[in-house]
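Q: Please take one part of this model and examine it closely, explaining each term as it arises. I should like to understand how the helices pack against one another.

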Amino acid sequence: MSDRTEPARGCCAQTDNDRPASAADARAVFLKFVASCVLSTAVDLGLFALLVALLRERGGPWYIPAATAAARVVSCACAYLLNHKLVFKSGRDMRGTAARYVALSVAQLAASAAGVTLLQRALGASELLVKIGVDSLLFFVSYAVQKKYVF
């Protein structure tokens, strides 16, 4: 018989996802999330640039949307894997988290497009400046949703 005792697991036992984190732990998770986003953005932009260079002459009028879509799919897959394994260290089933991540990504894309369109028309400001503001807000929303519901 082992002299190690296991902690009791009752109805009120906390899991990794609902355990209160220290401020330092929360800050570390957030900084890893930022790093994951920066890396995923670099993948997105790098692959987009490569695909545009490869498809420009042969891709017809759809080379930019094709490059955008392909780069976004790859960068989202990278972000998902980084966030699942390294940022949030999720123990949840990957099929469920992947489905929720895709749903969040689609919702974030729609919110960005709608927000940029509406604000740009209302303010008459630069599309790029409006997009930076809208997507910055969505970054924080995405972090909160991923932390609470996705992973």
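A: The following account turns to the packing of helix α1, after a few words on the model itself.

This is a predicted model, in which local features need a pLDDT of at least 70 and side-chain atom pairs count only at pLDDT 80 or more, while totals for chains, interfaces and linings use all residues. Residues are numbered from 1 along each chain as its sequence is written, and side-chain values use heavy atoms, leaving out hydrogens and water.

The pLDDT is the predictor's confidence in each residue, from 0 to 100. Its mean over the protein is 88, and 86% of the residues reach 70 or more. Residues 1–15, however, have a pLDDT below 50, and beyond near neighbours in sequence this stretch has three contacts in the model (a contact means heavy atoms within 4.5 Å). Where pLDDT is low, the predicted coordinates should not be read in detail.

Helices are DSSP runs (H or I, at least four residues), numbered from the N terminus. Helix α1 spans residues 23–55, and α2 spans 63–87. These two pack at an angle of about 155 degrees, with their axes 8 Å apart; the axes are lines fitted to C-alpha atoms over the stretch in contact, and angles run from 0 to 180 degrees between N-to-C directions. Helix α1 is therefore roughly antiparallel to α2, because angles over 145 degrees count as such, those under 35 as roughly parallel, 65 to 115 as roughly perpendicular and the rest as oblique. The crossing of α1 and α2 is right-handed, meaning that the near helix is turned clockwise from the far one by less than a right angle.

The contact of α1 with α2 comprises 21 nonpolar, five polar and three charged residues. Here Ala, Val, Leu, Ile, Met, Phe, Trp, Tyr, Cys and Pro count as nonpolar, Asp, Glu, Lys and Arg as charged, and the others, Gly among them, as polar.

Ser-75 lies in helix α2. With a relative accessible area of 5%, Ser-75 is buried (under 20%; exposed is over 50%, partly exposed in between, with a 1.4 Å probe and protein chains only). Leaving aside residues up to four places away in sequence, Ser-75 touches Ser-40, Val-43 and Asp-44.

Helix α1 also packs against α4 (residues 127–150), at about 120 degrees and with the axes 12 Å apart. That angle makes α1 oblique to α4. This crossing, too, is right-handed. Among the residues in contact are Phe-30 and Phe-33 of α1 and Phe-139 and Tyr-143 of α4. By class, the contact has nine nonpolar, two polar and no charged residues.
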